[in-house]
Amino acid sequence: QLFYASWFAGQSAESHLRRIQHRTRILLVDQEGGRMGEEAFKRTMCDHRRAKFATAKNATRVIAWGRAQAQWLKELGCVEPERIVVTGCPRLDPYRLPRPARARRAFLGVTLRTDRLTSQPHRTVEAIYDSLFKDPGEGLTPGLPLRAQYEDWLWQTAAVVRHMLLIAAEVSQRTTAPIVLRPGPWEQPGVYDFLRRRLPQLAIEPMMLQHEYVREAFATLDGSSALGLEAILAGTAVISVNALVPRLDAHVGGPDGTRLNAPYRRFYWHPETVEEAVDQVLRAERGELPLTPSSDGLEAYLRDHLDW
């Protein structure tokens, strides 16, 4: 039999795989696949005292999305090279199919990743307390710099969503185009219900399939989400709000602020004012905004990180 699973970590997971490995072929696939770059990926692998290394010992094969991830696994020495298989990213399979012909893109998409505030608000203080005991050498999460404290994470979340909502409100004054908010998978979408009363052209679609969302949008507003990569493959421009947020780099940037400095961010548009962001949205609605500000390196990134 075959056991195909995310490359999770922890003593109970490792114990389960150890019990079944002699009668089961075990395939492990990493959740993010190294999309944020070498440093973030290696930090992820080494978190929790290298717990993923122990999990990998029980695997028949470890799946890498691209040649870069495979090389980093070899450098870490957590799994023998002959057990690594490069497959490409399964999330991108829908984009290998022809896109149904549509006369006009339907809406502005707003890609939310506000789960630090909305997923379990009653446990926020507990999460702050637990952060006191994180290993300083590992940090809160591989996407944040090692120096970041929990309030930096909350600050980033609030600042980014504030600018997204501001742009959505401004866009609603300039066009009748629908606006679709897509909450992240761990969010409680009901927290956005009030927006339906404030912005009648806005809809909240937490269950819309990712490939439908990015294909039907004429542009998406984003921060640093890798869902923007899927948008680009679907031919949809991504407008990031990160450059609009004052002091964002001070909270979550620096040389080890890996999500803010993710290698794919250079393929997103980065307006420096709200007015510029709204203008880019309106240009995208008219079909006048190029897909990326520069495609230099895009083909190499997709090949090396996603085997595309």
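## Close-up views of a predicted model

**View 1. Strands S3 and S4 pair in the parallel sense.** Three bridges join strand S3 to strand S4, the latter formed by residues 84-86. Alanine 64 has valine 86, in S4, as its bridge partner. Between the two strands the chain passes through helix H3, residues 67-76, and this β-α-β crossover from S3 to S4 is right-handed. The structure shown here and in the other views is a predicted model.

**View 2. Strands S2 and S3 form a parallel pair.** Strand S2 covers residues 25-29 and strand S3 residues 61-64, and three bridges link them. Leucine 27 stands opposite arginine 61, which belongs to S3. Helix H2, residues 38-56, completes a right-handed β-α-β unit with S2 and S3. Of the five residues of S2, four are buried, so the strand is largely enclosed by the rest of the structure.

**View 3. Strands S1 and S2 run parallel.** Strand S1 is made of residues 2-6, and five bridges join it to S2. Among the bridge partners are phenylalanine 3 and isoleucine 26, the latter in S2. A right-handed β-α-β unit is made by S1, helix H1 (residues 11-20) and S2.

**View 4. Cysteines 46, 78 and 89 are shown in a structure with zero disulfides.** The search that finds zero disulfides covers the whole structure. For cysteine 46, the closest cysteine sulfur is that of cysteine 78, at 8.0 Å, which is too far for a bond; a disulfide requires the two sulfur atoms to lie within 2.5 Å. Cysteine 89 is likewise in no disulfide, and its nearest cysteine sulfur, again in cysteine 78, is 19 Å away. Cysteine 46 has a relative accessible area of 23% and is partly exposed. Cysteine 89 counts as buried, with a relative accessibility of 6%.

**View 5. Arginine 49 in helix H2 has a positive phi.** The phi angle of arginine 49 is near 55°, a positive value in a residue other than glycine. This arginine lies in helix H2, the helix of the β-α-β unit that also contains S2 and S3. Arginine 49 is exposed, and its relative accessible area is 78%.

**View 6. Arginine 247 in a loop also has a positive phi.** Its phi is near 70°, again in a residue other than glycine. The loop that holds arginine 247 runs between strand S9 (237-240) and helix H10 (248-252). With a relative accessible area of 58%, arginine 247 is exposed.

**View 7. The whole protein, for orientation, has 12 helices and nine strands.** Its radius of gyration is 20 Å, close to the 19 Å that the globule rule gives for 308 residues, so the protein is as compact as a globular protein of that length. Along the principal axes, the C-alpha atoms fill a box of roughly 60 × 45 × 35 Å. Buried residues make up 53% of the 308. Of the contacts between residues at least 6 apart in sequence, 72% join residues at least 24 apart. The accessible surface comes to about 15200 Å², and carbon and sulfur atoms account for 52% of this area.

Definitions and conventions: Residues are numbered from 1 along each chain as its sequence is written. This is a predicted model: local features need pLDDT of at least 70, side-chain atom pairs count only at pLDDT 80 or more; totals for chains, interfaces and linings use all residues. Side-chain values use heavy atoms; hydrogens and water are left out. Buried means under 20% relative accessible area, exposed over 50%, partly exposed in between (1.4 Å probe, protein chains only). Two strands pair if DSSP finds at least two bridges between them. A crossover is right-handed if, with the strands pointing away from the viewer, the path from the first strand over the helix to the second runs clockwise. The radius of gyration is taken over C-alpha atoms; the globule rule is 2.2 Å times the number of residues to the power 0.38. Contact means heavy atoms within 4.5 Å. Accessible areas come from the Shrake-Rupley method with a 1.4 Å probe; for residues, only the protein chains shown count as cover.
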